[in-house]
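Trainee: I would like a close look at a single part of this structure, explained step by step. Please give the cut-off behind each term when you use it.

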Amino acid sequence: MSEVSVIGLGPMGVAMARTFLSAGHKVTVWNRTISKADDLLQVGAIKAESAGDCIKRSPLTVVCLNNYETSERLLESADANLDKRTIVQLGTGKPHEARRAADFFASRQARYLDGALLCAPDRVGTDQGMILIAGDEAVWSANQPVLRCLSSNIKFTGPQIDTAKLLDFAYLSQRLGTFIGALQGVLLCQAGGLDAETFAATVAADARTAQLARVVQHASFDVPVNPVETWAAGMEQLIGQAHESGANAEVLEFFGALIERANVEGLGKEDFAAVIKVISRTFRNPAHD
Ligand SMILES: NC(=O)c1ccc[n+]([C@@H]2O[C@H](COP(=O)([O-])OP(=O)(O)OC[C@H]3O[C@@H](n4cnc5c(N)ncnc54)[C@H](OP(=O)(O)O)[C@@H]3O)[C@@H](O)[C@H]2O)c1
């Protein structure tokens, strides 16, 4: 037995497995492309034979896959009795997917927490990596000592299983407004004779926002922190969530149309700051045509 398992070794899963190992935990890992585990195996991780086997090998398993469809498909074939194992799913998804996952694991006698990663992989294991976790408070308390090594900024959002996912969307929405507002602010500065660096150094809301302005200053769009295409995919989910929940989506649709236009114009692989290339020109929102 190990202490914690990790299913999914994309950049996030690898960062989490490494963090658990660095904290001295015994870790089992599984990934579809198992070669991505090679570096982790070198530093002590144990390889599982399947996703189901990975769950069986530890009392606690963190699942971090591209989406919930993938995890559902993978875990459908796992043992029908997961024998009181605890699963924490941290990949991006919608609130209703968190509820469905909770039902799925309950039907297999497993305990389930659902969470969200509000940070980049390089922030995992630091005090800057915000992580949200929802679910049964006793299950959270029992697993908190291991999970807390992922970030000192890990927050329990309450017993309602879908709250971490909902807050993740709310956070994304907030960041979107800050980022697009900052790019508009940089445009105002430039039109008035100040450069983007002045914006970054004086009024940028935070480090990432200042970084966006500096990408514009140095035209370093091709070294993306968060590429336009990642945001374009996220916008689909965000707008979908607004529609499904009955929240007004007009503002999100406007921002989404800007990002989609940047994507369609071939800026998908560039940093989000490249959206300034779209908003610096006259823009008619197709959503309003
Ligand atoms: N990276 C970030 O900055 C960031 C920030 C916040 C949240 N997140 C979320 O964290 C989750 C993981 O992100 P990530 O960046 O680590 O990588 P990702 O590219 O979103 O997901 C990669 C993982 O999903 C697996 N996968 C994809 N399709 C699969 C399939 N059909 N069958 C089995 N496995 C499949 C991959 O396996 P293979 O290796 O075999 O392809 C890999 O383990 C995502 O939900 C993402 O939205 C990421």
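Mentor: What follows is about a run of paired strands, with a few other places added afterwards.

This is a predicted model, in which local features need pLDDT of at least 70 and side-chain atom pairs count only at pLDDT 80 or more, while totals for chains, interfaces and linings use all residues. Residues are numbered from 1 along each chain as its sequence is written.

Start with strand β5, residues 86-89, which pairs with β6 in the parallel sense over four bridges. Helices (H or I, at least four residues) and strands (E, at least two) are DSSP runs, numbered from the N terminus. Two strands pair if DSSP finds at least two bridges between them. In this pairing, T86 stands opposite R111 in β6. Together with helix α5 (residues 95-106), β5 and β6 make a right-handed β-α-β unit. Right-handed means that, with the strands pointing away from the viewer, the path from the first strand over the helix to the second runs clockwise.

β6 itself covers residues 111-118, and seven of its eight residues are buried. Buried means 20 or more other C-beta atoms within 10 Å of the residue's own, exposed means 12 or fewer, and partly exposed is in between; C-beta atoms are placed from the backbone. In a regular strand the side chains alternate between the two faces of the sheet.

β6 also pairs with β7 (residues 130-135), in the antiparallel sense and over six bridges. Two of the residue pairs can be named: L113 stands opposite G135, and L118 stands opposite M130. β7 is mostly covered too, with five of its six residues buried.

From β7, go on to β8 (residues 154-156): these two strands pair in the parallel sense over three bridges, and L132 stands opposite K155. The chain passes from β7 through helix α6 (residues 137-147) to β8, and this β-α-β crossover is right-handed.

Now leave the strands for helix α10. With 18 residues (228-245), α10 should span 26 Å at 1.5 Å a residue, and its end C-alpha atoms are 25 Å apart, which agrees. The expected span is 1.5 Å times one less than the number of residues. In α10, V228, W231, M235, L238 and Q241 are buried, and the buried residues of this helix pack against α7 (163-191) and α11 (250-267). After α10 comes G246, with a positive phi near 85°.

Helix α7 contains T178. T178 counts as partly exposed because 16 other C-beta atoms lie within 10 Å. Leaving aside neighbours within four places in sequence, T178 is in contact with A205 and T209; contact means that the C-beta atoms, placed from the backbone, lie within 7 Å. The C-alpha atoms of T178 and I7 are separated by 33 Å, and these residues are 171 apart along the chain.

Last, the ligand. There are 21 residues around it, and G10, M12, R32, G91 and T92 come nearest. A residue is near a molecule if its C-beta atom, placed from the backbone, lies within 6 Å of it. Helix α1 gives the most to this shell, with three residues.

Methods
Contact = placed C-beta atoms within 7 Å.
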